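Thank you all for coming, and please bring up the sequence and the model on your screens before I begin. I will walk through a few places in turn.

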Amino acid sequence: MKGPHTTVYKYDVEVTHNVAYAIKLDKANNSNMWQDAMVKEVKALKDMDCFEFCEHSNEPGRDYQKTTLHMVFNAKQDERHKGQLVAGGHLIALLDHDVYSSTVKGISVCLIHILAHSAGLEVLCGDIGNAYDNAYTTEKVYAKAGAELSSELHGKIVILCKALYGLDTSCACFHDHLSDTLRFMDFTPTRFDQNV
């Protein structure tokens, strides 16, 4: 069983387990790769309007629940270092929130491939970067900014506006957002599988 500070390597890169250790690894390796990964992640989330930053350190009203933010680190096969900011959704009480999100049935995907092949169509696949973060969250949550966000924001109150990874409703929020977007583009779901 791994302990909290077990050394983990992925593609010959030591993967850090927290911000302080990321900075330590960068210094030891005479690089800024982990710190650059954190900056890149936070910039992307700021550009997507995932947060509202309160100028004061007072907590928002009683209808908001407090969570935590932390950075999850990963090394990619092409030697990129990746940081992903996630929320501690396990700290949130879900009273009036729907967390169910259906997925496409495997048989539906097989049938689509067969139909496309028989019609001579080309099958394309894609990926939605920072997928969940495109959707607004239905939860009222906030956190206190730590070193993950930056030294300028450290200690400030951060209200989470988007469905950040780690929140319990993020999957359902993104599912609804993607469904609405596809319907807006004049796609309609099938009767047999609402995710096709």
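**Starting at serine 170**

Leaving aside residues up to four places away in sequence, serine 170 touches Tyr132, Ala163, Leu164 and Tyr165. Before I go further, I should say that what you are looking at is a predicted model, and the values I quote are computed from it. Serine 170 belongs to helix 4, which covers residues 170-184, and with a relative accessible area of 0% serine 170 is buried. If you look for alanine 131, you will find that it is 39 residues from serine 170 in sequence, while the two C-alpha atoms are 9.7 Å apart in space.

Let me now step back to the chain as a whole. The secondary structure comes to four helices and eight strands, and, read from the N terminus on, the elements follow the order β-β-α-α-β-β-β-β-α-β-β-α. The C-alpha trace spans about 55 × 45 × 35 Å along its principal axes. The chain has 196 residues, of which 34% count as buried. As for contacts with a separation of 6 or more, 69% of them are accounted for by residues 24 or more positions apart.

**Helix 1 and helix 2**

I would like to spend some time on the first pair of helices in the numbering, helix 1 at residues 19-28 and helix 2 at residues 33-47, which pack at an angle of about 135° with their axes 7 Å apart. How do they lie relative to each other? An angle over 145 degrees would count as roughly antiparallel, and with the value of about 135° that I just gave, helix 1 and helix 2 are therefore oblique to each other.

Which residues make this contact? On the helix 1 side they are Val19, Ala22, Ile23, Leu25 and Asp26, and these meet Met33, Trp34, Gln35 and Met38 in helix 2. Sorted by class, the contact has seven nonpolar residues, one polar residue and one charged residue.

Staying with helix 1, the buried residues there are Val19, Ala22, Leu25 and Asp26. They lie on the same side of helix 1, because the arc they cover around the axis is only 115°. Turning to the face away from that buried side, we find the exposed residues Ala20, Lys24, Lys27 and Ala28. What covers the buried residues includes helix 2, together with strand 2 at 13-15 and strand 5 at 69-75.

In the loop between helix 1 and helix 2 sits serine 31, which counts as partly exposed at 23% relative accessibility. Threonine 7 is 24 residues from serine 31 along the chain, and their C-alpha atoms are separated by 19 Å.

**Two loop residues with positive phi**

Next, please look at aspartate 12, which has a positive phi of about 65° although it is not a glycine. Aspartate 12 is placed in the loop between strand 1, residues 8-10, and strand 2, and at 79% relative accessibility it counts as exposed. Glutamate 79, a residue other than glycine, also has a positive phi, with a value near 75°. Glutamate 79 lies in the loop between strand 5 and strand 6, the latter at 81-87, and it counts as exposed at 58% relative accessibility.

**The cysteines, and a histidine**

How many disulfides does the structure hold? The number is zero. To recall the chemistry, a disulfide is a covalent bond between the sulfur atoms of two cysteines. For cysteine 50, the closest cysteine sulfur is that of cysteine 161, and at 8.0 Å it is too far for a bond. For cysteine 173, the closest cysteine sulfur is in cysteine 171, and the distance of 9.3 Å is again too far for a bond. Are these residues buried or exposed? Cysteine 50 counts as buried, with a relative accessibility of 2%, and cysteine 173 counts as buried at 7%.

My last stop is histidine 113, which is found in helix 3, residues 106-118. With a relative accessible area of 39%, histidine 113 is partly exposed. Histidine 113 and valine 123 are 10 residues apart in sequence, and from C-alpha to C-alpha they are 7.4 Å apart in space.

Note on methods. Residues are numbered from 1 along each chain as its sequence is written. This is a predicted model: local features need pLDDT of at least 70, side-chain atom pairs count only at pLDDT 80 or more; totals for chains, interfaces and linings use all residues. Side-chain values use heavy atoms; hydrogens and water are left out. Axes are lines fitted to C-alpha atoms, for helices over the stretch in contact, and angles run from 0 to 180 degrees between N-to-C directions. Angles under 35 degrees count as roughly parallel, over 145 as roughly antiparallel, 65 to 115 as roughly perpendicular and the rest as oblique. Contact means heavy atoms within 4.5 Å. Ala, Val, Leu, Ile, Met, Phe, Trp, Tyr, Cys and Pro count as nonpolar, Asp, Glu, Lys and Arg as charged, and the others, Gly among them, as polar. A disulfide is a pair of cysteine sulfur atoms within 2.5 Å. Buried means under 20% relative accessible area, exposed over 50%, partly exposed in between (1.4 Å probe, protein chains only). The arc is that of the directions from the helix axis to the C-beta atoms.
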